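Please work through the exercises below with the sequence and the coordinates at hand. Each task is followed by a worked solution.

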Amino acid sequence: MARRPANRFVCQSCGAVFPKWSGRCDACGAWNSIVEETVEPTATGGTNARRRTGARINLVGLAGDTPPPPRIETHIGELDRVLGGGLVPASVVLVGGDPGIGKSTLLLQGACALARAGRKVMYISGEEAVDQIRMRARRLGLEAPTLELAAAINVADIVATLEAEKDLALVVIDSIQTMWMETVESAPGTVSQVRACAFELIRLAKQRGFSLILVGHVTKEGALAGPRVLEHMVDAVMYFEGDRGHQFRILRAAKNRFGATDEIGVFAMTDQGLEEVPNPSALFLAERRGHIAGSAVFAGMEGTRPVLLEVQALLSPKAGDGGARRAVVGWETGRLNMLLAVLEARCGIKLNAMDVHLNIAGGLRVGEPAADMAVAAALVSAATGQPTSAGSVYFGEVGLSGEVRQVSQPDTRLKEAHKLGFEQAFLPRRIARGNRKPSAPDGLVLHEIGHLGDLVSLFTGAMEEAEA
């Protein structure tokens, strides 16, 4: 006897399944994300149905030489850097980002570059018509007569088309949330549709050996929309970050089975599309003004690339009887609160009656703890009114007792600072045995800071000298 279709309630944020609807998902905490979906029963044989006997799989030892996977260069250096050297055949890459941030522009530029290099590339859009894609290409000055375009959302039609093509190098699906399968009884963009469509496209990419790039939407929190299982199905997950008020765009890898996950690619949005930024430090500091209280330069690391950024802090008396405001752009609010507590408890800098505004200039988001000392220098500079030296950089992690801890790759940070003309560097003091002293380039003076109080005394001492 055939079973009737069953209904279930699925969270569109995390994919959790519930027997009935509720306003809040108990698994991920999202509100109004549970949607009713229809599940078609699968055909099963009777008790006498013949079962398929599994075949024995081949096992190999751990020892052995495996050559690195071949790479297909996209001819966009910043994109190849994040991918780990280029696209890997039969790999699947998921690209997410806010609407209008430049995902389609970047992928169209990469597809055109590959097509001009003689590769067979197919760009399939479920959100735009072919004429719209052509208009964007003409506006950006892109020329690739061999690039094949299509506007479709039916996965069965897309699979049939791809199966008939030979020597495909790259297929771009923009976006996976618009794809639809007739066998799944739910609307496009739901968990069931996204999972089924992605599985079918990934299966075909692995079978035929072409690289597949899926564009994904993101939620208000910045995470990829749809079930988290989609991130586990692909080989690489990349986020395209940036603020529409800034020209810079950051391509960051969150997962990469064929490369590092801490590399970033920096682009600048122009009227000619996205342009690569090979030296982001010089561009981030191009508009910096020296001798301003509340400003400090942080020598950071993004993967293997050193990046120098300006940290800006502004203090103002709090308004009203409520608590002081903490406004942060580009850094963690919790880390700022911790640093303010350390400055008050360990260094005597009281800022609890002040509104604190912190900004990482340029639109880049900093996540490494090495930015603690640069943020502290900007805060103390703003509190004392003493500007930092225009030729100084800062890096070091600050602990709860006020100690400044070691960070990774100090030599690389110092070389980048010296290349851009900086004269002084404030870095953690070597305390543990075996710590090698960083090699300072000629002309760069190193100042080792063991406790945050030592850094504060530099500003308070300069303030007392100015008053005297």
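The exercises treat one strand and its neighbours, then contacts of aromatic rings, in a predicted model.

**Exercise 1.** Determine whether strand 8 (residues 211–216) is enclosed or not by the rest of the structure.

*Solution.* Begin with the two faces of strand 8: Ser211, Ile213 and Val215 are buried on one side, and Leu212, Leu214 and Gly216 are buried on the other. Six of the six residues are thus buried, so strand 8 is largely enclosed by the rest of the structure.

Next, examine the pairing. Strand 4 (residues 92–97) runs parallel to strand 8, with five bridges between them; here Leu94 has Leu214 as its bridge partner. Strand 7 (residues 168–174) is also parallel to strand 8 and is joined to it by five bridges, with Ile173 opposite Leu214.

Finally, trace the connection: strand 7, helix 5 (residues 191–208) and strand 8 form a right-handed β-α-β unit.

**Exercise 2.** Classify the aromatic pair of Phe248 and Phe284 and state which parts it ties together.

*Solution.* The ring centres lie 4.9 Å apart and the planes meet at 75°. Planes over 60 degrees apart count as edge-to-face, and the pair is accordingly edge-to-face. Phe248 belongs to strand 10 (residues 248–256) and Phe284 to helix 7 (residues 280–284), so the pair links parts 36 residues apart in sequence. With a cut-off of under 20%, Phe248 is buried at 10% relative accessibility, as is Phe284 at 6%.

**Exercise 3.** Classify the pair of Tyr394 and Phe426.

*Solution.* The centres are 4.8 Å apart and the planes are at 10°, so the pair is stacked. Tyr394 lies in strand 17 (residues 392–394) and Phe426 in strand 20 (residues 424–428), so parts 32 residues apart in sequence are tied together.

Notes: Residues are numbered from 1 along each chain as its sequence is written. This is a predicted model: local features need pLDDT of at least 70, side-chain atom pairs count only at pLDDT 80 or more; totals for chains, interfaces and linings use all residues. Side-chain values use heavy atoms; hydrogens and water are left out. Buried means under 20% relative accessible area, exposed over 50%, partly exposed in between (1.4 Å probe, protein chains only). Helices (H or I, at least four residues) and strands (E, at least two) are DSSP runs, numbered from the N terminus. Two strands pair if DSSP finds at least two bridges between them. A crossover is right-handed if, with the strands pointing away from the viewer, the path from the first strand over the helix to the second runs clockwise. Rings of Phe, Tyr and Trp (its six-membered ring) pair if their centres lie within 6.5 Å; planes under 30 degrees apart count as stacked, over 60 as edge-to-face and the rest as tilted.
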